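Colleague: I would like to learn how to read contacts and charge pairs in a model. Can we go through one together?

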Amino acid sequence: MNEPVTTLQGTAALAAMFEGAKAHDRAAFLPYFPIGYPTYDDSLAAIEAMAAEGVDGFEIGIPFSDPLADGPTIQAATQVALENGITVRRCLEAVRTLRARGVRQPMLLMGYLNPILAYGVEAYVRDAHAAGADGLIVPDLPPEEAAQVKSACEKVGLALVFLLAPTSTEARIKLVTAQATGFVYLVSVMGTTGARDHLPETLPGFVARVRAQTDKPLVLGFGIGRPEQARQAGELVDGFIVGSALVREGAHGAEAVRALAASLRRALD
Amino acid sequence: MSDHSMPAQVPDARGYYGEYGGRFVPETLMPALDELTESFQSALADPDFMGRYEHLQATYVGRPTPITYAAQLSKTLGGAQIYLKREDLAHTGAHKINNALGQALLAERMGKRRVIAETGAGQHGVASATAAALLGLDCHVYMGSVDIARQRPNVFRMKLLGAEVIPVESGSKTLKDAINEAIRDWVANVEDTFYLLGSALGPHPYPLIVRTFQSVIGIEARQQMLDEVGQLPDVCIACVGGGSNAIGLFHAFRDDDAVDLIGVEAGGLGIPSGEHAARFADPNLGRPGVLHGTRSFVLQDADGQIRETHSVSAGLDYASVGPEHAYLRDMERAFYTTATDEEALAAFQTLCRQEGIIPALESSHAVAEAIKRAPTMPKDAIILVNLSGRGDKDLDTVIHEIGEDA
Ligand SMILES: Cc1ncc(COP(=O)(O)O)c(C=O)c1O
C-alpha cells in the first residue's frame, strides 16, 4: 500500500495532526526525546522506533548547558548529549536524517534561546524549516520577547508554541493564546520537567480557564509518564507530551523507549 | 550639558537597558515577576517601608560606611590619591547586605515567609541568611560544591544563622549552576517563595531592585568625597562579578561626566588562556546572549553553550554580567578592564601590608586596577575604590595560592 506522502509542513502539519487524532476520538501523543542521548545514533533509533508505533508528533530536544526549566532526568541526558559533542547543527541534521528515513510525523524543536541566538535567529528558523521541522518550542522565550523569532517563523510557516502555567493570570492566558501558533503548551505542574506520580487535582480547572479563552489546540506536558496519566490527559486536552519517562528508558536502548511509547499510545485507544 | 547621550531613565518599562535586559524566563515565573515589580514599586513609594530599611541600615548594618584615605599606598605608588569606600565594614563583611536586607523586607511585605538565594563567594548567602534571621524568614541557599569547598567559613556562617545550604552538583558546580537550581526551586515553589537574587542580573525587575538597594554605596561615597575631601573623584573603580557593587557605586555618579567609571572583571589566568570570567574583554567568547533571564554579555562557545569560567575569587566567577553594565559600556559611560588572579593576589597582599586592611579577593581586583592606574596619574588626582568586602572568607584560598609564610 502506498500512503500518499504528505506535503504539509509547519502549522498546517500540526493542524492535520490534531484533526487526525480527533477523527479517532483521541488526543495526540507527542514524545520528547533529546538528540545525542545516550548517543547520536541511539537517539535517532529511539525516535524512529516511536514513529513506527504510530505516535502523532515529536518534540526534538536540543541540548543546552543550562536547561533551567528541566528536572534531573533531562538535565542529565542533555549533559551527556553535550559531552557527545552534539551541536545545534547536528540536531538539524538529525531532523533531516529522520525525514530521509521516512519519519513523517510533525517535529517541533524544543531548545533554549541562547543557542538559537548564537546560530542566528533567521538562519535557525530557515535551516529548521529546510531540514523538515514544523515548529519551535523555546521554554525561556515568553511572547513579550519573541518578536524576532515570531516574524522569522511566520515567514516560513513554522509554528511557534508558547507555554502557559498554572500560575498564569487571565491576562497572560489571553496574551499567550493569542500569540501561540500550532498549539498552546500547558505546563501541568508547578516545577521543572520530570515524571510525577499523579497529575495535580487543579488541572481540570486550569485547562478550563484556558479553554474559555481559545479554540487553539491545547497540549499538556510536564509530569506525564504512565498510561493512566496519558488517558487522563487525553480526556482533558487535545494532546500531551511525555519526556522524562521516555528519556529514562533511553538508557536501556531504543527497544525500551519503543515499549513505553507503545503502551502510552495504546492507552488512548 | 552631558557629553553622553544617556537617556534619563534606564531601564524602560520592559526592563531594558538599551538592547540589554528583559525577561527570558519560563512562563511559570512571569506572573511572579509582574507581582514583584508592582510590590517593589509600591514599597519604594511607601515612606514606612523605606524608613524601616534606612533605620536598619543605620542601626543594624552600620551605615554609613566610611571612606578611608589609603595614605601609604598612595604615597608608595607616587601618583593619584587613593580613597577606599569601606563596604567591608558593613555588617556581614560586604556590600551584599544592602540588597539582601532590602529584598528580605520586600519578601516580608509580600507575605512570603520562605526565601531562597544563590551564592558564589558565600557573601550573598551569608547576607541573605542574616536578613532572614533578623526578620524570622525561612532561608535556603544554593551553592555550588566547588564554591562550598573554597568558601568554608561562609558555609558554616550560613548554617549558624539558621539557613539551609544546598550543595549544587550540576555543571561547573559554581555560581551559574547555583542560580539554575535557585530558579528551578522558584519555579516549583513560586507561590510561597521569594527569590532573593544577589547581583544586578536576572530578569526584570531584579537588576533594578538590586541597583536601587545598592545605590546607597555611591550616594554616600559621593557626599563623603564632597564633604571630607572637597571634590569628586576623577575615577571610580569597582570589581564586576554580576555587577552589584559596581552599579551601586556608579549610579550616583552617572551624571558626573568628569568622573570616569571603571569596572574590573576577573582576568583569571589571562584572557588568551580562555580561563577567566571577563565577559567584555574576550571577543572570542564574550558575546551578547541570554542567560538566567536577561540579555547581556555572556561567555559562550560558538554553539551558544555557556562556558565554564575561572577566577581565584568565587564572587567574580560567573559567565554573564548585569545588563546595565553592558549598556553603560556601549554608551561609553563606563569602561571595563580586567585583573588576573595573580594581580589580584598581589593587590590583596599590598593592601594588607600598606593599609592594614584584608580585602576580599573580589575587591582585590579593583585594588589591582588602582595600583596600575595611580602611578600614571598626577598627585592631585583622586581614585575612589569600592572595597566591596573583607577578605577573612578568602584566607583558605590565599594560603593555598601563596603559602602560609605570606
Ligand atoms: C566582596 C564581594 N565583592 C564583589 C562581589 C561580586 O559581586 P557583584 O559584582 O555583584 O558586586 C562579591 C560576590 O560574591 C563579593 O562577595
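Modeller: Yes. Keep in mind that this model is predicted. Begin with the interface: 34 residues of chain B are in contact with 35 residues of chain A.

Colleague: How much area do chain B and chain A bury between them?

Modeller: The general idea comes first. Interface size is often quoted as the accessible area lost when the parts come together. Here chain B and chain A bury about 2700 Å² between them. Carbon and sulfur atoms account for 53% of that area.

Colleague: How many salt bridges cross the interface of chain B and chain A?

Modeller: Side chains of opposite charge can pair when their charged atoms come close. The rule finds three salt bridges across the interface of chain B and chain A. One of the salt bridges joins Arg172(A) to Glu27(B), with the closest N and O atoms 2.7 Å apart. There are also 19 residue pairs in polar contact across this interface, both residues at pLDDT 80 or more.

Colleague: Which element supplies the largest share of the side of chain B that touches chain A?

Modeller: α8(B) does, with eight residues. By class, that side of chain B has 14 nonpolar, nine polar and eleven charged residues.

Colleague: Now salt bridges in general. How many are there over all chains?

Modeller: The count comes to 41 over all chains. Take Lys85(B) and Glu220(B), whose side chains meet at 2.7 Å, N to O. Lys85(B) lies in strand β4 and Glu220(B) in helix α10 of chain B, so the pair ties together parts 135 residues apart in sequence.

Colleague: Are Lys85(B) and Glu220(B) buried or exposed?

Modeller: Lys85(B) is buried, at 0% relative accessible area. Glu220(B) also counts as buried, at 13%.

Colleague: What separates Arg373(B) and Glu369(B) in helix α14?

Modeller: About one helical turn, because they are four residues apart in that helix of chain B. They form a salt bridge, the closest N and O atoms being 2.7 Å apart. Arg373(B) is partly exposed, at 23%. Glu369(B) counts as buried, at 5%. Elsewhere, shared partners join Arg63(B), Lys85(B), Glu87(B) and Glu220(B) into one salt-bridge network.

Colleague: Last topic: how many disulfides are there over all chains?

Modeller: A disulfide is a covalent bond between the sulfur atoms of two cysteines. The count here is zero over all chains.

Colleague: Why is Cys91(A) without a bond to Cys153(A)?

Modeller: Distance. The closest cysteine sulfur to that of Cys91(A) is in Cys153(A), 17 Å away, which is too far for a bond. Cys91(A) is buried, at 1% relative accessible area.

Conventions: Residues are numbered from 1 along each chain as its sequence is written. Chains are lettered from A and ligands numbered from 1 in the order in which they are written. This is a predicted model: local features need pLDDT of at least 70, side-chain atom pairs count only at pLDDT 80 or more; totals for chains, interfaces and linings use all residues. Side-chain values use heavy atoms; hydrogens and water are left out. Contact means heavy atoms within 4.5 Å. Buried area is the accessible area (1.4 Å probe) that two parts lose on being put together, summed over both. A salt bridge is a side-chain nitrogen of Lys or Arg within 4 Å of a carboxyl oxygen of Asp or Glu. A polar contact is a pair of N or O atoms within 3.5 Å; within protein, one must be able to donate a hydrogen and the other to accept it, and residues adjacent in sequence count only if both atoms are side-chain atoms. Helices (H or I, at least four residues) and strands (E, at least two) are DSSP runs, numbered from the N terminus. Ala, Val, Leu, Ile, Met, Phe, Trp, Tyr, Cys and Pro count as nonpolar, Asp, Glu, Lys and Arg as charged, and the others, Gly among them, as polar. A disulfide is a pair of cysteine sulfur atoms within 2.5 Å. Buried means under 20% relative accessible area, exposed over 50%, partly exposed in between (1.4 Å probe, protein chains only).
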